[in-house]
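Here is a friendly walk through one protein chain. Keep the picture open while you read, and look up each residue as it comes along.

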Amino acid sequence: EQSVYRVNDSGSSAYTTLHMEGAGAASQRAVASNDGLICMVNGQGVWVTDGVGTPQRVSEKLQPLFTPDGLNLATLATWSAAPYRDRIVFMLARAGDSVPSMGLEYHPKIGWMVSHIFNILNGTGSKGLGPMAVYDKQTTKLISTDASTGVVYETFKGPTDDGTDIEQRYQTPWVRMADNDEVRLRTARVFGRGSVFFHARTNFVQSGDNYSLSFDLGTGFVWGTGVWGTGAW
């Protein structure tokens, strides 16, 4: 969990220590390889090595996540990893959740990382996914199990989550306006599909103003037909 070794000779148990200062795998399932790189996750972040060099932590921009405020570090034994196409998927438990409920999708070559929140799966009562495995080398199927019931799913397939609409979230970087002087934001333009919950936060606060926006057909202002200033526009 906190160190990495390379076995040189399984017969004589000869090994080389690659890292003893934090790198490691949260569990026996929390390590996977793709495109010649070995990727692992533990309570201190996501680590990558080619099997020869010292593992490097690649989750520096997400380090506030790897704290007791972001993740349930008591559930490390349930975390897992698996290759998916040209990337690695990690399953972690968010703070307050007893089973893995957050997926981190990582591209080893390019370096980008994006999170997925797995909410209650329809009819199972679980909040996330457990062990994962690739179906076979000829397909891109990622098979995963319900963390509580063991029901098997094909992950990242179809437009819904087991029949339930998929919810997504995105947070922009902090926008500094008027050279950091106080300023009033009069207009925010949002593009999307379906229903959107727009959350505006000022001065780096943890909470802010909420706005419910709908992009459904027939719910907005129609140019040339609608009346400006009335209804939704």
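## A strand with two faces

In strand E3 the side chains take turns: Ala 32 and Asn 34 point to one face and are buried, whereas Val 31 and Ser 33 point to the other face and are not buried. Keep in mind that this is a predicted model.

Who sits next to E3? Strands E3 and E4 run antiparallel and are joined by 4 bridges. One of the residues you just met takes part: Val 31 has Met 40 in E4 as its bridge partner. To get from one strand to the other, the chain makes a hairpin with 2 residues between the strands. Asp 35 lies in that loop between E3 and E4. Its phi is near 55 degrees, which is a positive value in a residue other than glycine.

Now follow the pairing onward. E4 (residues 37-42) also pairs with E5 (residues 45-49), in the antiparallel sense and over 5 bridges. Here Val 41 has Val 46 in E5 as its bridge partner. Put together, you get an open sheet of 4 strands in the order E3-E4-E5-E6, with antiparallel pairing. Which strands stand at the edges of this sheet? They are E3 (31-34) and E6 (56-57): each has a single partner strand, so one side of each is left without a neighbour in the sheet.

## The whole chain

Time to zoom out. The chain has 17 strands and 0 helices. It is 233 residues long, and 30% of them count as buried. If you take the contacts in the chain with a separation of 6 or more, 36% of them are between residues 24 or more positions apart. The accessible surface comes to about 15400 Å², and carbon and sulfur atoms account for 51% of that.

## The opening hairpin

Go to strand E1 (residues 4-9) and strand E2 (residues 14-19), which pair in the antiparallel sense over 5 bridges. Across the pair, Tyr 5 stands opposite Thr 17 in E2. E1 and E2 form a hairpin with 4 residues between them, and Ser 13 in the turn has a positive phi of about 60 degrees.

Tyr 5 turns up again on the surface, where Tyr 5, Val 7, Tyr 15 and Met 20 form a nonpolar patch. Together these residues have about 470 Å² of accessible area. Tyr 15 lies in strand E2. Is Tyr 15 buried or exposed? Its relative accessibility is 52%, so Tyr 15 counts as exposed, the cut-off being over 50%.

## Another open sheet

Further along the chain there is an open sheet of 3 strands, in the order E11-E12-E13 and with antiparallel pairing. The edge strands are E11 (129-134) and E13, each of which pairs on one side only. From one strand to the next, the twist averages 30 degrees. E11 and E12 (residues 142-146) pair over 4 bridges in the antiparallel sense. Look for Ala 133, which stands opposite Ile 143 in E12.

Just after this sheet comes a residue in a loop: Phe 156 is placed between strand E13 (152-155) and strand E14 (160-161). How far is Phe 156 from Thr 140, C-alpha to C-alpha? The two are 16 residues apart in sequence and 10.0 Å apart in space.

## Buried or not?

Arg 87 is found in strand E8 (residues 87-92). What does Arg 87 touch, if you leave aside its neighbours within four places in sequence? Its contacts are Asn 34, Ala 82, Glu 105, Tyr 106, His 107, Pro 108 and Trp 112. Asn 34 should look familiar, as one of the buried side chains of E3.

Ala 178 is in the loop between strand E15 (164-165) and strand E16 (195-200). Like Asp 35, Ala 178 has a phi near 55 degrees, positive in a residue other than glycine.

The table sets out how some of these residues are covered.

| Residue | Relative accessible area | Counts as |
|---|---|---|
| Arg 87 | 17% | buried |
| Phe 156 | 32% | partly exposed |
| Ala 178 | 38% | partly exposed |
| Tyr 15 | 52% | exposed |

Why does Arg 87 count as buried? Its relative accessible area is 17%, and buried means under 20%, so Arg 87 falls in that group. Phe 156 has 32%, which lies between the 20% and 50% cut-offs, so Phe 156 is partly exposed.

Technical notes. Residues are numbered from 1 along each chain as its sequence is written. This is a predicted model: local features need pLDDT of at least 70, side-chain atom pairs count only at pLDDT 80 or more; totals for chains, interfaces and linings use all residues. Side-chain values use heavy atoms; hydrogens and water are left out. Buried means under 20% relative accessible area, exposed over 50%, partly exposed in between (1.4 Å probe, protein chains only). Contact means heavy atoms within 4.5 Å. Accessible areas come from the Shrake-Rupley method with a 1.4 Å probe; for residues, only the protein chains shown count as cover. Two strands pair if DSSP finds at least two bridges between them. Patches are made of residues with over 30% relative accessible area and no salt bridge: like charges are joined within 9 Å, nonpolar side chains (Val, Leu, Ile, Met, Phe, Trp, Tyr) within 5 Å. A salt bridge is a side-chain nitrogen of Lys or Arg within 4 Å of a carboxyl oxygen of Asp or Glu. Axes are lines fitted to C-alpha atoms, for helices over the stretch in contact, and angles run from 0 to 180 degrees between N-to-C directions.
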